[in-house]
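Reader: I'd like to go through this structure with you, one piece at a time. Could you keep the answers in plain sentences?

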Amino acid sequence: MSHNRLFRPRAAAVAMASLLVLGGTAPALAASGGGAPHAAWHHREPLPASYSIPGDKTYPEGIARQQGTPFFYVGSTSDGTIYRGDVHQSATQVFLPGGRDGRVSVAGMKTDRAGRLIVAGGASGKVFVYDTRTRALLHVFDTGRTDTFLNDVALAPNGDAYISDSIHPTLWHITAAELKSNQVQQPLHVGTDLSHSPMVYDDGFNGNGLVVTGDGRYVLLADYNDYAFYRVDLRTHQVVPIDLGGAKGVSGDGLLLRGDTLTAVTELDHPEGQISVLKLSHDYTRAELVRTVHGHGMHSPSTAAVDGCDLLIVNFQFQIADPKLPFNVVRVHV
C-alpha cells in the first residue's frame, strides 16, 4: 500500500479533531525560539528524563522551548489546550485551556525573542499568538480557508514567521511588523505558492516540518508524504528539491537546524521514533545522512525542541487508540 493511502486517515482524523473542538538523567543532539528576559536561571542536574502531560486524550504534537527561561510549551491536537513545563520539573501544567479564542486544536509552535508564543492552529486555518508573561491573546492570523492544515512554525532571523500547510500547497508568512502591531485580527498572507512547484501535494499530509536558514534566505521544508525535502528561496520563491544522496526512509515531521546540520524527527515507519541527522551542502541543495537514532523513550514522536545539548521529543502517539499514558516529552541526548 502506498504511503499516500496510509496517511489519508491521518489528515482526516487530525482535521476532524481540530473541528471538534506535553526523574532521572537523560538516556545522547542538538534551535528555535528566542526568549523574553526573565530572571537568571541555570540547569540543575540531574534534569528529568521525561515530562508528563495531563489527560488521556491529549495527543500532544508541537513543542516550543523558550530560551532564556526554564520553560517549554506543548499543545494538544484534540482540544487545543496548551501546557507549560519547567525543564527542572517532571510534570507540566495547563497554561491556556482548550477552546479559548477558538483554539480547538494546535500543532506546531515557537516562541520568539519578544516572549510571544506563536501557535499553528491546524484545520482552523488560523495562527494564534500569545504573550507568555500575561497569557493575553495578541493576534489571530486567519487564512480564511477551510481546506488547510497549518502544521508547523519556523522563525527567521529578522523576526518573521513561516507556517507550513499540510493540505493546501502554500507556505504562509507573518512579518515581524505584523507580530509587533496592536491589531489582533489579521489576515494570514501567502509567502510562497507551492502549487506549481516541484513539491507535489497528494492526499494525506504534505508540507510539515520546516526551518529557516541562518542567513534568512531559505526555508527548508519537509514533504511528509513523499519522504522528501525542499529548499524554498524566500526572495525568488524558487523551490528546489534537496538531494538526499540516495538515503531512504528519512522524513521530517519536525525539523531543527544548527549550522549545516539538519535534524529530522518522525514516527513514519518507526513507532519507536527516528531522529535523522543530516549534513547539508553550503547551498542547502544536498544532504548526507550521517546517522539515525531510535528508541531512548520515544514512542510515535512528532517533533522536538533544543534544550542545551539535548532534544525534548514530543511523544504524539497519533491514531493509537490505547495510548501509553501519561503522554509525555522525553529528553534525548544524541
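Reader: How many bridges join strand β17 to β18, and do they run parallel or antiparallel?

Author: This is a predicted model, and in it strand β17, residues 228–233, is joined to β18 by 3 bridges, with the two strands running antiparallel. Within that pairing, R231 stands opposite V240 in β18.

Reader: And what is the order of the strands in the open sheet that holds them?

Author: The order is β15-β16-β17-β18, an open sheet of 4 strands with antiparallel pairing. Its edge strands are β15, residues 207–212, and β18, residues 239–241, each of which pairs on one side only. From one strand to the next, the twist averages 25 degrees.

Reader: What about the sheet with β19 in it, what order does that one have?

Author: That open sheet also has 4 strands, in the order β19-β20-β21-β22, and the pairing is antiparallel. Here β19 (254–258) and β22 (287–293) are the edge strands, each pairing on one side only. Neighbouring strands of this sheet are turned against each other by 20 degrees on average, with direction ignored. Between strand β21, residues 274–280, and β22 there are 6 bridges, again in the antiparallel sense, and L280 stands opposite A287 of β22.

Reader: Switching to salt bridges: how many does the structure hold?

Author: The structure holds 8 salt bridges. One of them touches the strand you began with, since the side chains of D233 and R217 meet in a salt bridge at 2.7 Å, N to O. That pair links distant parts of the chain, with D233 in strand β17 and R217 in the loop between β15 and β16, 16 residues apart.

Reader: Is D233 buried or exposed?

Author: D233 has a relative accessible area of 2%, so it counts as buried.

Reader: Which residues are joined into one network by shared partners?

Author: Start with D310 and R331, whose side chains meet in a salt bridge of 2.8 Å, N to O. This pair too links distant parts of the chain, because D310 belongs to strand β24 (residues 310–315) and R331 to strand β25 (residues 327–332), 21 residues apart. Both D310 and R331 are buried. Salt bridges that share partners then join R65, D307, D310 and R331 into one network.

Reader: And what does R116 form a salt bridge with?

Author: R116 forms one with D112, where the closest N and O atoms are 2.8 Å apart. R116 and D112 are both buried.

Reader: Let's move to β12. Why would you call it largely enclosed?

Author: Strand β12 covers residues 170–174, and 5 of its 5 residues are buried, so the strand is largely enclosed by the rest of the structure. In a regular strand the side chains alternate between the two faces of the sheet. Both faces of β12 are covered, with T170, W172 and I174 buried on one side and L171 and H173 buried on the other.

Reader: Which strands pair with it?

Author: Strand β11, residues 161–165, pairs with β12 in the antiparallel sense over 4 bridges, and S164 has L171 as its bridge partner in β12. These two strands form a hairpin, with 4 residues between them. Strand β14, residues 189–193, also pairs with β12, again antiparallel and over 4 bridges, and there T170 has D193 as its bridge partner.

Reader: I noticed H139 too. Where is its place, and what polar contact does its side chain make with another side chain?

Author: H139 sits in strand β9, residues 137–142, and at 1% relative accessibility it counts as buried. Its side chain makes a polar contact with the side chain of Q186, at 3.3 Å. A polar atom of the H139 side chain also lies 2.8 Å from the backbone oxygen of L179. Leaving out residues up to four places away in sequence, H139 touches ten others by name, among them V127, F128, V129, E178 and V184.

Reader: Last topic, confidence: where does pLDDT stay under 50?

Author: It stays under 50 over residues 1–40, for which the model has 131 contacts beyond four places in sequence. Where pLDDT is low, the predicted coordinates should not be read in detail. Across the protein chain the average pLDDT is 89, and 87% of the residues score at least 70.

Terms used
Residues numbered from 1 in each chain as written. Predicted model: local features only at pLDDT ≥ 70, side-chain atom pairs only at ≥ 80, totals over all residues. Heavy atoms only, no water. Buried < 20%, exposed > 50% of the residue type's maximum accessible area, 1.4 Å probe, protein only. Pairing = 2+ DSSP bridges. Axes fitted to C-alpha atoms, helices over the stretch in contact; angles between N-to-C directions. Salt bridge = Lys/Arg side-chain N within 4 Å of Asp/Glu carboxyl O. pLDDT = per-residue confidence, 0-100. Contact = heavy atoms within 4.5 Å. Polar contact = N/O pair within 3.5 Å; in protein donor to acceptor, adjacent residues only side chain to side chain.
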